[in-house]
Amino acid sequence: MNWHPLTSVEQLNEVIEESKSKPVVIFKHSTSCSISATAKSRLERKWDDADLDEVKAYYLDLLKFRPVSNEIAEVLEVHHESPQLLLVKDGVCTYEASHLGISVDELKSQVTA
């Protein structure tokens, strides 16, 4: 899995624009939370076998970049959770999951929906 760091509100705008040509996911991660670490590890272990090559994965350290996390909640109209996985297609969040509900299999079914 190839994470792309998400570190600014300006970059978030670019990511949303990018989602208009291909799906993107944003993983909001709390580096101090064991549940978040578990969810991240599960994503990484299963990603390569899931055939999600067309999906670009962004990683947000929400402790370092909390204003970006707040902007995500506002712009994509989602309730803030941590950890949280968001699928963005055509500039809109079409799927979100949090905590141990984060599933590569479910994500894959949403990407192809």
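## Exercises on a predicted model

Cys-93 is buried, with a relative accessible area of 17%. The structure is a predicted model, and the exercises below start from this cysteine before turning to the rest of the chain.

**Exercise 1.** Decide whether Cys-93 and Cys-33 are buried, exposed or partly exposed, and work out why the sulfur of Cys-93 forms no bond with the closest cysteine sulfur.

*Solution.* Begin with accessibility, where buried means under 20% relative accessible area and exposed means over 50%. At 17%, Cys-93 is therefore buried, whereas Cys-33, at 23%, counts as partly exposed. Next consider distance: the cysteine sulfur closest to that of Cys-93 belongs to Cys-33 and lies 20 Å away, which is too far for a bond, because a disulfide needs the two sulfur atoms within 2.5 Å. The structure accordingly holds zero disulfides.

**Exercise 2.** Describe the secondary structure of the chain and judge how compact the chain is for its length.

*Solution.* Count the elements to begin with, which gives four helices and five strands; read along the sequence, they follow the pattern β-α-β-α-β-α-β-β-α. Then compare the radius of gyration, 13 Å, with the 13 Å that the globule rule gives for 113 residues; the values are close, so the chain is as compact as a globular protein of that length. Of the 113 residues, 45% are buried.

**Exercise 3.** Find which residues of helix H2 are buried, and explain why they line one face of the helix.

*Solution.* The buried residues of H2 are Ser-36, Ala-39, Lys-40, Leu-43 and Trp-47. Seen down the axis of H2, these residues fall within an arc of 100°, so they line one face of the helix. The general background is that an α-helix has 3.6 residues a turn, so residues three or four places apart point the same way. On the other side of H2, Ser-34 and Arg-45 are exposed, while the buried residues pack against strands E1 (3–5), E2, E3 and E4 and against helix H4.

**Exercise 4.** State which residues have the most contacts inside the largest nonpolar core, and which elements each supply at least two of its residues.

*Solution.* This core has 19 residues, and those with the most contacts inside it are Val-25, Phe-27, Leu-52 and Leu-107. Helices H2 (34–47) and H4 (104–111), together with strands E2 (24–29), E3 (56–61), E4 (84–89) and E5 (92–98), each supply at least two of its residues. Apart from it lies another core, of 16 residues, which includes Leu-6, Leu-12, Leu-86 and Val-88. To follow one member of the largest core, take Leu-52, which, leaving aside its neighbours within four places in sequence, is in contact with Trp-47, Val-104, Leu-107, Lys-108 and Val-111.

Technical notes. Residues numbered from 1 in each chain as written. Predicted model: local features only at pLDDT ≥ 70, side-chain atom pairs only at ≥ 80, totals over all residues. Heavy atoms only, no water. Core = buried A, V, L, I, M, F, W, Y, C linked by side-chain atoms within 4.5 Å. Buried < 20%, exposed > 50% of the residue type's maximum accessible area, 1.4 Å probe, protein only. Contact = heavy atoms within 4.5 Å. Arc of directions from axis to C-beta. Rg over C-alpha atoms; globule rule 2.2 N^0.38 Å.
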